[in-house]
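Trainee: I am new to this structure and would like a close look at a single part of it. Could you please take me through the place where the chains meet?

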Protein chains: 2
Amino acid sequence: MARMVHERTDVIPLLAEIFRDLGYEGATLSRITERTGLGKGSLYHFFPGGKEDMAAVVLADVDAWFERSVFQPLRLEEPQRAIPAMWEAVDAYFHSGQRICLVGAFALDETRDRFSATIRGYFGRWIEALQDALLRAGRDKETAARDAEETVLAIQGALVLSRATGDEGLFARTLDRLRLRVAAA
Amino acid sequence: MARMVHERTDVIPLLAEIFRDLGYEGATLSRITERTGLGKGSLYHFFPGGKEDMAAVVLADVDAWFERSVFQPLRLEEPQRAIPAMWEAVDAYFHSGQRICLVGAFALDETRDRFSATIRGYFGRWIEALQDALLRAGRDKETAARDAEETVLAIQGALVLSRATGDEGLFARTLDRLRLRVAAA
DNA sequence: CCATTTTTGTACTGTTAGGTACAGAGTATC
DNA sequence: GATACTCTGTACCTAACAGTACAAAAATGG
């Protein structure tokens with residue numbers, strides 16, 4: 001009666017995409033079973049806490065990816081290497097603006113209240129790590145703080161505007177501008 | 001059996017705030033009746049199309065406000081007057097970042113599909129009107145296009161980041177930076 | 001190849017969703 | 001003050017919601 005192939009790890013990216021597309025409230029269990037191919041039995045086996053559990057695991061997964069692929073390099077590697085690597089990672093991760101930021105989307109509505117610590121931590125660590133890299137690249141404290149905040153903010157804004165206008169070039173254009181602005185000064 | 005006080009026009013801002021807080025899917029009819037004080041009878045009397053009708057009317061209302069208070073002035077008045085007026089209007093409208101942009105929020109999840117024309121129009125006209133004002137202020141076409149896009153994008157990003165981090169100063173800080181950047185060049 | 005554990009489908013729960021029907025109350029008009 | 005129209009509460013509908021129970025199946029592993 002079962003097919004027994006799925007691993008919990010394989011399901012997480014699928015769940016992430018579902019929450020991205022539909023939002024937390026819009027992601028109903030029937031749509032989750034539909035798009036993951038997993039029945040309720042399997043879903044509640046892997047995520048005993050139900051939908052909130054799934055979203056929490058997905059958020060933790062996203063957070064871990066950024067921590068490993070973006071924040072840590074910014075903190076530990078040479079800024080001259082880590083900052084360009086960030087542009088590449090961000091462009092790839094968000095599919096040049098075709099994919100939204102789940103953390104940002106959750107921040108906008110009441111879903112924020114369920115995951116406020118994770119959401120706050122994600123953005124806080126991103127800005128701090130970038131600020132740290134900019135400081136080590138020779139920027140003064142004020143400029144580094146300003147540019148770090150501006151960069152993360154512009155990435156989020158570009159994701160909103162990309163989805164709103166359907167302008168496929170907007171995200172890449174924004175990253176190019178940020179590259180120039182952050183490289184200068 | 002009835003109290004007969006409400007006007008349709010009075011309900012729209014309440015509905016707007018509800019959709020802002022809860023998102024389209026999160027705004028259930030029971031929460032709408034609860035927070036507006038109107039029963040289903042009244043709601044369906046004013047908005048025969050139900051929830052989708054309410055959201056459409058709210059979006060049209062938001063759009064009309066921006067058209068009248070921001071876009072039109074940018075197109076018709078002196079840029080030296082209209083652009084500073086835009087910063088003021090935006091700061092007041094979004095309560096210095098304490099209030100999100102409904103249009104931007106709807107753009108992120110599948111709600112976008114229901115209202116894509118309105119959403120696209122809102123951002124498109126905003127960017128175009130600002131670009132127009134910047135052109136008339138003496139900017140060349142390329143700079144005007146870039147600054148207009150960057151400005152609207154940064155406002156949206158600041159709203160996301162404000163809600164995510166709870167940093168109350170972020171929105172005002174961002175507007176100040178935009179003011180300087182747009183005034184220069 | 002048998003015992004145990006992990007994974008899965010199905011059936012079911014109570015609750016809430018959005019929406020409809022409609023009668024009655026309130027206001028207005030003449 | 002009878003008539004028409006606007007507004008509102010209540011009762012009700014079907015479908016979908018999140019979640020539970022559980023037994024059968026698949027893998028594991030000795």
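Mentor: What follows is a description of the contact between chain A and chain B.

This is a predicted model, in which local features need pLDDT of at least 70 and side-chain atom pairs count only at pLDDT 80 or more, while totals for chains, interfaces and linings use all residues. Residues are numbered from 1 along each chain as its sequence is written, chains are lettered from A and ligands numbered from 1 in the order in which they are written, and side-chain values use heavy atoms, with hydrogens and water left out.

Chain A has ten helices and zero strands; helices (H or I, at least four residues) and strands (E, at least two) are DSSP runs, numbered from the N terminus. The C-alpha trace of chain A spans about 65 × 35 × 30 Å along its principal axes.

The relation between the copies comes next. A turn of 180 degrees and a shift of 0.0 Å along the axis lay chain A on chain B with an RMSD of 0.0 Å, where copies are superposed by least squares on the C-alpha atoms of residues with pLDDT of at least 70 in both. The two copies are thus related as by a two-fold rotation axis. In chain A, the C-alpha nearest this axis belongs to Gly157(A), 1.8 Å from it.

Contact here means heavy atoms within 4.5 Å. Chain A gives 38 residues to the contact and chain B gives 39 residues. Because 100% of the interface residues of chain A are also interface residues in chain B, the copies meet through the same surface. Between them the chains bury about 3300 Å², 62% of it on carbon and sulfur atoms; buried area is the accessible area (1.4 Å probe) that two parts lose on being put together, summed over both.

Turning to polar pairs, ten salt bridges are found across the interface of chain A and chain B, a salt bridge being a side-chain nitrogen of Lys or Arg within 4 Å of a carboxyl oxygen of Asp or Glu. One salt bridge joins Glu150(B) and Arg181(A), with the closest N and O atoms 2.3 Å apart. The elements giving two or more residues to the side of chain A that touches chain B are α1 (8-26), α6 (102-108), α8, α9 (141-165) and α10 (170-183) of chain A. Helix α9(A) supplies the largest share of that side, 14 residues.

Another salt bridge pairs Arg31(A) with Glu110(B), the closest N and O atoms being 2.8 Å apart. Arg31(A) lies in helix α2 (residues 29-36) of chain A and Glu110(B) in the loop between α6 (102-108) and α7 (111-114) of chain B, so the pair joins two chains.

Finally, one helix pair deserves attention. The axes of helix α8 (residues 116-136) of chain A and helix α9 (residues 141-165) of chain B come within 8 Å and cross at roughly 115 degrees. Ile119(A), Arg120(A), Phe123(A) and Ile127(A) of α8(A) make this contact with Leu161(B), Ala164(B) and Thr165(B) of α9(B). Axes are lines fitted to C-alpha atoms, for helices over the stretch in contact, and angles run from 0 to 180 degrees between N-to-C directions.
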